[in-house]
Amino acid sequence: MTDTTTTPTFLPDKKSEKRFYNSLFWRSQWLMFCTSYTKQQAVTFSWVMLPYLEKIYGKDTDEFYAAMLRHQDFFNTNVAVAPFVFGVVTSMEKENKENGVEAKSINALKSSLMGPLAGIGDSLLANGVRLIATGIAIGFFQQGSWLGPILFMLLLNIPNWGIKWLSGKYGYKLGNTFITDAMKSGTLNLITKAASIVGLMMVGAMSAQYVTFKTVLKIKSASQVVDIQKIFDMILPGLLPLLLVLGCFFYLRKKNKPVRVLLAVVVLAFVLTFLGITGAAK
Amino acid sequence: MLMQALAVGLACVLVKFGAWWGAMGWDRPMIASTITGILLGKPVEGITVGAALELVYMGTQSMGGVIPQDYGLGGIFGCAFAILVSAKPSVAVALSIPFSMLGTLIYDLFKFWATSLVTRFQTHLENHQIKAFKRLWNIQAFVYLLMWFLLGFISILAGTSAIKALVNMIPTVIMNSLTVAAGMLPALGMALLMISLWSKKLAPYFFIGFGLVAFFKGTLIEVAFLGAAVAFLAVIGQIGKHTNGNNAQPKTAESAEESEEEDFYND
């Protein structure tokens with residue numbers, strides 16, 4: 001989208017461009033530090049931009065400080081996709097220095113990008129990738145195997161760092177057109193949807209695998225002992241865990257705080273055990 | 001106990017660092033517990049207890065820096081007490097809960113302080129003092145990590161013997177209740193995950209995943225494999241739809257693209 005004929009002052013050649021992607025990758029890792037109630041990641045956003053703004057506008061210039069102050073505005077997004085914003089913003093700051101883009105549009109772009117990017121980053125990584133990684137690794141953890149932590153770190157962080165690296169690079173290269181196109185065409189929603197589907201299937205699978213809730217209650221009639229749990233298993237395997245998960249889910253949906261649900265579950269466990277309905281598995 | 005306290009303090013620093021720096025997920029209870037286990041010289045215990053702790057906190061995750069419960073600290077202290085006072089996994093889970101709440105309280109205090117710094121950062125920039133800006137940033141990062149070190153160090157140094165006495169006092173029926181609770185609590189984790197993933201149209205996928213394991217004894221790896229295929233099936237129709245739309249309408253036709261976007265939300 002730029003047709004600059006003047007010699008660029010920032011990242012004039014391929015080599016320095018590569019160095020910039022490297023530097024951005026490492027600096028953006030710090031984004032979560034110094035999160036505040038009022039402006040979330042704003043301070044560290046400007047801290048990450050600091051060396052690039054220095055290069056673009058020159059050290060200690062008024063323009064540099066104006067740019068730093070501009071980036072004190074509220075900012076909050078997912079850390080893995082944040083390099084995309086840094087990339088776009090750096091390319092716009094460069095534009096601003098060379099061709100005079102309106103500075104306001106940089107901030108407008110930041111605030112329009114952070115929401116959708118946070119959504120896609122959270123659904124893809126926090127829900128999709130993390131759940132798959134947890135589901136695969138947790139079995140090894142239970143066996144006390146080193147494969148557990150190793151697998152979990154690799155499965156989580158290869159996509160995480162891959163996205164980080166690519167999003168910084170493409171953010172700078174593509175500028176601000178790419179993400180608006182992707183939003184319009186619905187690609188972002190499709191990715192979110194696909195991640196939610198895998199995530200929900202994993203949640204269902206883990207509900208069946210890891211929620212333990214069975215009764216030890218046995219009813220003695222005239223001549224025989226009836227094992228209540230066996231009856232439940234005949235109706236539907238995993239019926240009690242499923243009901244418990246759905247119960248928690250609908251209780252949470254009524255805007256109850258997770259801590260309250262946690263206490264309710266603990267109290268329920270105590271009451272049922274004291275009544276002899278549940279107990280330690282034999 | 002001094003060495004153990006130092007080890008847990010260091011575990012707190014590592015976990016909190018790896019949670020934020022690069023969002024590497026070191027605050028997941030599985031990893032936090034593994035790190036604590038390694039530093040206390042019992043890695044295998046750390047890994048095993050980590051699985052029990054992860055199941056309870058699986059649904060809790062940090063979103064935009066807001067942590068409903070500090071599962072990282074829960075992982076550290078659950079593991080530490082499992083190893084130091086040889087508490088059972090179910091007791092370790094119960095002991096981790098107060099620490100996971102303490103963690104959010106302490107972080108809230110830190111965040112208040114960080115919020116008070118925001119104006120100071122701005123003043124430094126207004127006065128053109130970039131060095132002071134950088135120094136203040138370094139200080140807050142250091143204070144953040146130091147704070148967690150002190151929490152781990154002091155809690156273990158001062159609290160372990162009290163916790164040991166407490167654990168030894170627990171009668172059998174309460175022990176059994178804790179075991180039952182530890183088995184039931186993952187349900188809360190799952191419910192929390194569902195809250196963030198749920199929509200009426202996607203609800204069946206939860207039950208498909210449940211059935212694959214409950215009825216057909218599938219493993220989680222198998223479900224992940226099928227899940228990827230199913231997700232692709234579910235969105236493939238829509239991928240075709242939007243490319244067709246783009247081919248038919250040139251990019252300048254703003255209104256056409258908008259109506260297409262509406263289509264997507266309506267279907």
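Residues 187-211 of chain A form a span that is 96% helix and 0% strand, with its end C-alpha atoms 35 Å apart. Helices here are DSSP runs of H or I with at least four residues, strands are runs of E with at least two, and both are numbered from the N terminus. Another stretch of chain A, residues 146-166, is 95% helix and 0% strand, and its end C-alpha atoms are 30 Å apart. Both stretches appear in the UniProt annotation "transmembrane region" (unreviewed entry), which covers residues 146-166, 187-211, 231-252 and 259-281 of chain A. UniProt positions follow the numbering used here, feature names are shortened, and annotations may be inferred rather than shown by experiment.

Keep in mind that this is a predicted model, in which local features need pLDDT of at least 70 and side-chain atom pairs count only at pLDDT 80 or more, while totals for chains, interfaces and linings use all residues. Residues are numbered from 1 along each chain as its sequence is written, chains are lettered from A and ligands numbered from 1 in the order in which they are written, and side-chain values use heavy atoms, with hydrogens and water left out.

Now to chain B. Chain B has 11 helices and zero strands. Of its 267 residues, 56% are buried, where buried means under 20% relative accessible area, exposed over 50%, and partly exposed in between (1.4 Å probe, protein chains only). A contact means heavy atoms within 4.5 Å. Among contacts in chain B between residues at least 6 apart in sequence, 72% join residues at least 24 apart.

How do the two chains meet? The contact takes 103 residues from each side, chain A and chain B. About 9,900 Å² is buried between them, and carbon and sulfur atoms give 78% of that area. Buried area is the accessible area (1.4 Å probe) that two parts lose on being put together, summed over both. B:W137, B:M184 and B:L220 supply 8% of the area that chain B buries against chain A, more than any other three residues. Helix α10 (residues 220-248) of chain B gives the most to the side that touches chain A, with 14 residues.

The rule finds zero salt bridges across this interface; a salt bridge is a side-chain nitrogen of Lys or Arg within 4 Å of a carboxyl oxygen of Asp or Glu. There are, however, 14 residue pairs in polar contact across the interface, both at pLDDT 80 or more. A polar contact is a pair of N or O atoms within 3.5 Å; within protein, one must be able to donate a hydrogen and the other to accept it, and residues adjacent in sequence count only if both atoms are side-chain atoms.

Three residues make good stops on a tour:

| Residue | Relative accessibility |
|---|---|
| A:L252 | 7%, buried |
| B:V49 | 8%, buried |
| A:S46 | 0%, buried |

A:L252 is found in helix α10 (residues 239-253) of chain A. Its contacts include A:P258 and A:V261, along with B:L188 and B:I195 from chain B.

B:V49 lies in helix α3 (residues 43-57) of chain B. B:V49 touches residues including B:S33, B:G78 and B:A92.

A:S46 sits in helix α2 (residues 42-57) of chain A. Its side chain makes a polar contact with the side chain of A:Q72 (2.9 Å), and a polar atom of that A:S46 side chain lies 2.7 Å from the backbone oxygen of A:V43. Among the residues that A:S46 touches is B:F133.

Note on methods: Lists of a residue's contacts leave out its neighbours within four places in sequence.
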